[in-house]
Amino acid sequence: MKVESTMRVPVLLYHKIYKPGRGVLVRGGFTPPSRFARQMSYLKKRGFVFYTASELIDHYNEEGVFPSNGITLTFDDGWKDNYVHAFPVLKRLGIKATIFLVPSCIGQVSEKVMASGESARAHLSNAEILEMSKHGIEFGSHSVNHKWLHELTAEEVRFEAEESKHLLENLVQKPCRVFAYPAGYYSASVERIVETAGYHAAFTTVYGPQDRVDMFALNRIEILRRDRFLYQFRRKLPL
Ligand SMILES: [Zn+2]
């Protein structure tokens, strides 16, 4: 099916930004810092306009389309390496972004969000989050506990959506308007609960519809460790 360019959600998804040491067995999504910096310079040079996730949603709701030259960067899980390696690049280039946090992991070195077999990893601290919030980084919710929501009861999903919003708004002192499903998993009932909790939109990874815009199942373009070269990155971009 041919997807109208205006249907394509111009949102990139990153996870960890770091370079593993030699000989370290690594799983999961990461992008080395130098590669990330190259990708960001490229986006600037191409003339993309950066929107936070909320700003992108507002634009869509007002205009009925995504901005033709707009792009949104999102980061899932709230890793400390986002502050150490991504934030300096974003600040230097004046790029906005949205980070989806797991409130129960803030300030912790935790295995909660790692795939099985991976060791614990440091998450952003309160102070790092507040500093980034002052410099154009939006914080959305990635649920309280990073459980797969389609497997939980409605009551548990409600807790994950409502409590995480509450905790993040208390911390950041700004409205928490966007949600990202852990591992991208959702169901029709999960969507409705997240909407009822007061979010304006929710992001999956690739499980949302391709032929229409569902504000509570928005797809994202995942930037993977195998996207080593700029031409591979370029091919994935929305325009
Ligand atoms: Zn996640």
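N145 counts as buried because its relative accessibility is 19%, where buried means under 20% relative accessible area, exposed over 50% and partly exposed in between, with a 1.4 Å probe and protein chains only. The model is predicted: local features need pLDDT of at least 70, side-chain atom pairs count only at pLDDT 80 or more, and totals for chains, interfaces and linings use all residues. Residues are numbered from 1 along each chain as its sequence is written, and side-chain values use heavy atoms, leaving out hydrogens and water.

**Around N145**
- N145 lies in the loop between strand 9 (137–141) and helix 5 (154–172); helices (H or I, at least four residues) and strands (E, at least two) are DSSP runs, numbered from the N terminus.
- The side chains of N145 and K112 share a polar contact of 3.1 Å, that is, a pair of N or O atoms within 3.5 Å; within protein, one must be able to donate a hydrogen and the other to accept it, and residues adjacent in sequence count only if both atoms are side-chain atoms.
- Beyond neighbours within four places in sequence, N145 is in contact (heavy atoms within 4.5 Å) with V102, S104, K112, F159 and E160.

**The zinc site**
- D77 (OD), H142 (NE2) and H146 (NE2) coordinate the zinc ion at 2.1 to 2.2 Å; donors are N, O and S atoms within 2.8 Å of the metal (3.2 Å for Na, K and Ca), and water is not among the atoms, so sites may look incomplete.
- The donor residues follow the spacing D-x64-H-x3-H in sequence.
- Distant parts of the chain are linked here, with D77 in the loop between strand 5 (70–76) and helix 3 (80–93), and H142, 65 residues apart from D77, in the loop between strand 9 and helix 5.
- D77 is buried at a relative accessible area of 7%, and H142 is buried too, at 1% relative accessibility.

**Helix 5**
- In helix 5, the buried residues are V157, E160, A161, S164, K165, L168, L171 and V172.
- They sit on the same side of helix 5 because they cover an arc of only 140° around the axis, taken from the directions from the helix axis to the C-beta atoms.
- Their packing partners are strand 6 (97–101), helix 4 (126–134), strand 9, strand 10 (178–180) and helix 6 (188–196).
- Just after helix 5 comes Q173, with a positive phi near 60°.
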